[in-house]
Amino acid sequence: MTETFKPGPDAVEIVERETCFQGFYRLDRLSLRHRLFSGDMGPVIHRELFVRHDAVCVLPYDPQRDVVVLIEQFRVGAYGKSESPWLLELVAGLIDKDEEPEEVARREAVEEADLQLTSLWPITTYYPSPGGSNERVHLYLGRCDSSGAGGVHGLAEEGEDIRVHVLPLEDALALMREGRLDNAATMLALQWLALNRTEVRGLWT
């Protein structure tokens, strides 16, 4: 079969875009047409788009002790759907100022876990839900000294109440296998570290 579709500047036509809600996040309604795989232009379709700042997620890792640092906090999206809405996650934050992703990773590690990251290893960038949101996530591994990690942290003015957990990597992987770690960024980062642990420890120890 001959492939006729080639994405280009004329592959999408925005017919109308309106903002339905504007708060910290924004919800837009788009009427658009896009080119079909046949090469023809398709009909007008309507899509709601959740407009979010891009996010940064970082897995703090102590290569000397082979442990990871995860944080636990209340997540409203899990309320009513999980046994507990307090989730174990990565350190994370939004790029909502004039900052580079690496700056956000280091700042959030201090605010959420009282950790200094001495090196950052880019893992990947990805869209967590491109069917309805334009958010893109920058995922990192962060080198840290976990010897003094623990306690409860976060910014009170942002309503944060964050508990820090220090876990041997094997224990964190076991939690994931048991289904007790169920958010995408955390699973991606842990799986990546499991695959690349030897190289990381070789370069960071």
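A residue is termed exposed when its relative accessible area is over 50%, buried when that value is under 20%, and partly exposed in between. The structure described here is a predicted model. By the stated criterion D98, with a relative accessible area of 80%, is exposed. This residue is located in the loop that runs between β7 (91-94) and α1 (101-113). Together with E100, E102 and E103, D98 forms a negative surface patch.

Charged side chains also meet in salt bridges, of which the model contains 15. One of these joins D10 and R35, with an N to O distance of 3.2 Å. Distant parts of the chain are linked by this pair, since D10 belongs to the segment before β1 (12-22) and R35 to the loop between β2 (26-34) and β3 (45-51), 25 residues apart. Both partners fall in the intermediate class of accessibility: D10 is partly exposed at 46%, and R35 is partly exposed at 22%.

Strands β1 and β2 are themselves connected by salt bridges, including that between E13 and R33, again 3.2 Å from N to O. Because E13 lies in strand β1 and R33 in strand β2, the pair ties together parts that are 20 residues apart in sequence. E13 has a relative accessibility of 35% and counts as partly exposed; R33, at 26%, is likewise partly exposed.

A further salt bridge is found between R17 and D28, whose closest N and O atoms are 2.8 Å apart. Here R17 is in strand β1 and D28 in strand β2, so that parts 11 residues apart in sequence are tied together. The surroundings of the two partners contrast. R17 is partly exposed, with a relative accessible area of 44%, whereas D28 counts as buried, its relative accessibility being 1% and therefore under the 20% limit. Elsewhere, E99, R107, E108 and E111 are joined into one network by salt bridges that share partners.

Aromatic side chains provide another set of contacts, and 6 aromatic pairs are present in the structure. In one of them, F74 and Y79 adopt a tilted arrangement, with 6.5 Å from centre to centre and 55° between the planes. The two residues belong to separate accessibility classes: F74, at 38% relative accessibility, is partly exposed, while Y79, at 60%, lies over the 50% limit and is therefore exposed. In addition, a single aromatic cluster is made up of F24, Y25 and F50.

Methods:
Residues numbered from 1 in each chain as written. Predicted model: local features only at pLDDT ≥ 70, side-chain atom pairs only at ≥ 80, totals over all residues. Heavy atoms only, no water. Patch = residues over 30% accessible without salt bridge, like charges linked within 9 Å, V, L, I, M, F, W, Y side chains within 5 Å. Areas by Shrake-Rupley, 256 points an atom, 1.4 Å probe, with all protein chains shown as cover. Salt bridge = Lys/Arg side-chain N within 4 Å of Asp/Glu carboxyl O. Lys, Arg positive; Asp, Glu negative; His and termini not counted. Charge placed at Lys NZ, Arg CZ, Asp CG, Glu CD. Helix = DSSP H or I, 4+ residues; strand = E, 2+ residues; numbered from the N terminus. Buried < 20%, exposed > 50% of the residue type's maximum accessible area, 1.4 Å probe, protein only. Phe/Tyr/Trp six-rings, centres within 6.5 Å; stacked < 30°, edge-to-face > 60°.
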